[in-house]
Amino acid sequence: MVDMFVLLQLPNAGDDLQAIKERHRRDCRSGGINKFDIDPRAGAIARAQWKQALHMLRPNSPHWQPPVIGVSALKKEGIVEFWSEIERFRSVMTQSGELEEKRKKQALNWMWSLIESGLHYLFRSHPAIHAALPELSRNVAEGVTTPGAAAKRLLAYLKA
């Protein structure tokens, strides 16, 4: 759970990871083309493509359009601008109230995650479930038992 998801990509990353990049684009609140100095032309093309892709997606926030900045740690270029955008994001999200709402949702998600984790542990450590699980898992994998029937049987042990 983070306030801002930042994606750094190399200028010549190509389209071999398109599905992964597509997922990251939807979550991205800021983007950077790293090692911009290696191939400035490729960096400019990548930056334009990312800007276009982010512009076509429905924004995560009505108050924020993710910027895309060229960065070079080697030449110390773009780093100040990149950090300024991170600070601006925090300011905009705080002033709009979105950051506070996100924190509330994060706290609830964390609580439910801990509950689910605890229930999962209690379920797997239940003696009857622990004993029946290997055979039922094998039966489901082999098509002898349906997943629904196996789940119903295992959950019934909790009621006993």
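1. Leucine 122 sits in helix α4, which spans residues 98-125. This is a predicted model. The relative accessibility of leucine 122 is 53%, so the residue counts as exposed. The cut-off for exposed is over 50%.

2. Leu122 also belongs to a nonpolar patch on the surface. Its partners there are Leu108, Met111, Trp112, Ile115, Leu119 and Tyr121. Together, the patch residues have about 750 Å² of accessible area.

3. How many aromatic pairs does the structure hold? The count is 1. The partners are tryptophan 64 and phenylalanine 89. Their ring centres are 5.2 Å apart, and the planes meet at 80°. The pair is edge-to-face, because planes over 60 degrees apart fall in that class.

4. Where do the two rings sit in the chain? Tryptophan 64 is in the loop between α2 (40-56) and β3 (68-70). Phenylalanine 89 is in helix α3, residues 79-96. The two residues are 25 residues apart, and the pair links distant parts of the chain.

5. Are tryptophan 64 and phenylalanine 89 buried or exposed? Tryptophan 64 is buried. Phenylalanine 89 is buried too.

6. Histidine 55 lies in helix α2. With 61% relative accessibility, histidine 55 counts as exposed. Again, the cut-off that applies is over 50%.

7. One further distance involves histidine 55 and proline 66. Along the chain, these residues are 11 residues apart. Their C-alpha atoms are separated by 8.4 Å.

Conventions. Residues are numbered from 1 along each chain as its sequence is written. This is a predicted model: local features need pLDDT of at least 70, side-chain atom pairs count only at pLDDT 80 or more; totals for chains, interfaces and linings use all residues. Side-chain values use heavy atoms; hydrogens and water are left out. Rings of Phe, Tyr and Trp (its six-membered ring) pair if their centres lie within 6.5 Å; planes under 30 degrees apart count as stacked, over 60 as edge-to-face and the rest as tilted. Helices (H or I, at least four residues) and strands (E, at least two) are DSSP runs, numbered from the N terminus. Buried means under 20% relative accessible area, exposed over 50%, partly exposed in between (1.4 Å probe, protein chains only). Patches are made of residues with over 30% relative accessible area and no salt bridge: like charges are joined within 9 Å, nonpolar side chains (Val, Leu, Ile, Met, Phe, Trp, Tyr) within 5 Å. Accessible areas come from the Shrake-Rupley method with a 1.4 Å probe; for residues, only the protein chains shown count as cover. A salt bridge is a side-chain nitrogen of Lys or Arg within 4 Å of a carboxyl oxygen of Asp or Glu.
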